[in-house]
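Reader: I would like a close look at one part of this model, the largest pocket and the residues around it. Please go through it step by step, then place it in the rest of the chain.

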Amino acid sequence: MATYYEAKDLEKFGTMGECVPELWEKFMGYYSAVFAEGNLTAREKSLIALAVATAVQCPYCIDSYTQDCLSKGVTEEQMTEAIHVACAIRGGASLVHGVQMKNIVKKLEL
């Protein structure tokens, strides 16, 4: 079944540097530095990346970081729990923005 997102397109990610290689090199340098071992392990960073990818709904990143997590020994249960954390934060962020609605209602009632 054809979809808007094609799994094979993940392999084409590197082509984004073809027209502006200097920007691609800067991005890749930053990206590599972010995912290097530091105060967080590469495993922890991969789990965070999967949770964020799910929250921002990037199917390519979900695919990539699910595989990366598995290669780093992260269990399906751990990945699922991390996704629930992302879901709770995203849901809470949506709810707290409801305060803006309440402020406008209050303002218009005056």
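What does lysine 12 count as, given its relative accessibility?

Author: Lysine 12 counts as partly exposed, because its relative accessibility is 43% and the partly exposed class runs between 20% and 50%. The model is a predicted one.

Lysine 12 is among the residues that line the largest pocket. That pocket has a volume of about 260 Å³. Its lining consists of Asp9, Leu10, Lys12, Phe13, Phe27, Tyr31, Tyr60, Cys61, Ser64, Tyr65 and Asp68. By character, these residues divide into 7 nonpolar, 1 polar and 3 charged.

Two helices, α1 (21-35) and α3 (59-71), each supply at least two residues of the lining. The largest share, 5 residues, comes from α3.

The charged side of the lining can be followed through its contacts. Side chains of opposite charge can pair when their charged atoms come close. The structure holds 2 salt bridges. In one of them, the side chains of lysine 12 and aspartate 9 meet, with a distance of 3.2 Å from N to O. Both of these residues belong to the pocket lining. Aspartate 9 has a relative accessibility of 26%, so it counts as partly exposed. Lysine 12, at 43%, is in that class as well.

The other pair joins the side chains of aspartate 68 and lysine 72, at 2.8 Å from N to O. Aspartate 68 is a lining residue, while lysine 72 is absent from the lining list. Aspartate 68 counts as partly exposed because its relative accessibility is 22%. For lysine 72 the value is 30%, which again means partly exposed.

Cysteine 61 also lines the pocket. Its relative accessibility is 30%, so cysteine 61 is partly exposed. A disulfide is a covalent bond between the sulfur atoms of two cysteines. The cysteine sulfur closest to that of cysteine 61 belongs to cysteine 58, 3.2 Å away, which is too far for a bond; the cut-off applied is 2.5 Å. Cysteine 87 gives a similar outcome over a distance of 16 Å: its closest cysteine sulfur is again that of cysteine 58, and this is too far for a bond. Cysteine 87 counts as exposed because its relative accessibility is 52%. A search of the whole structure accordingly finds 0 disulfides.

Now to the segments that carry the lining. Aspartate 63 sits in helix α3, and its relative accessible area of 28% makes it partly exposed. From aspartate 63 to lysine 107 the chain runs 44 residues, and their C-alpha atoms are separated by 45 Å. Ahead of α3 comes the loop that follows α2 (42-55), and valine 56 lies in it. Valine 56 is exposed, with a relative accessible area of 57%. Between valine 56 and alanine 86 there are 9.5 Å from C-alpha to C-alpha, although the two are 30 residues apart in sequence.

Glutamine 57 is placed in the loop between α2 and α3 too. Its phi is near 60 degrees, a positive value in a residue other than glycine. Glutamine 57 counts as exposed, because its relative accessibility is 55%.

On the α1 side, phenylalanine 35 is found in that helix and is partly exposed, with a relative accessible area of 27%. Its C-alpha atom is separated by 21 Å from that of proline 21, 14 residues away along the chain.

Further along the chain, lysine 106 lies in helix α5 (residues 98-109). It is exposed, with a relative accessible area of 59%. Lysine 106 and leucine 70 are 36 residues apart in sequence, with 50 Å between their C-alpha atoms.

Last, the annotation. In an unreviewed UniProt entry, residues 21-99 are covered by "domain: Carboxymuconolactone decarboxylase-like". Over that span the chain is 82% helix and 0% strand, and the C-alpha atoms at its ends are 44 Å apart. Asp9, Leu10, Lys12 and Phe13 are among the lining residues, and their positions fall outside the annotated range of 21-99. The salt bridge between lysine 12 and aspartate 9 is therefore outside that range, by the definition of the range in UniProt numbering.

Notes
Residues are numbered from 1 along each chain as its sequence is written. This is a predicted model: local features need pLDDT of at least 70, side-chain atom pairs count only at pLDDT 80 or more; totals for chains, interfaces and linings use all residues. Side-chain values use heavy atoms; hydrogens and water are left out. Buried means under 20% relative accessible area, exposed over 50%, partly exposed in between (1.4 Å probe, protein chains only). Helices (H or I, at least four residues) and strands (E, at least two) are DSSP runs, numbered from the N terminus. On a 1 Å grid over the protein atoms alone, a cavity is a set of points where a 1.4 Å probe fits but cannot get out, and a pocket is an open set with protein on both sides within 12 Å along at least five of seven lines; lining residues have an atom within 4 Å of a point. Grid points are joined across faces, edges and corners, and a volume is the space filled by probe spheres set on the points. Ala, Val, Leu, Ile, Met, Phe, Trp, Tyr, Cys and Pro count as nonpolar, Asp, Glu, Lys and Arg as charged, and the others, Gly among them, as polar. A salt bridge is a side-chain nitrogen of Lys or Arg within 4 Å of a carboxyl oxygen of Asp or Glu.
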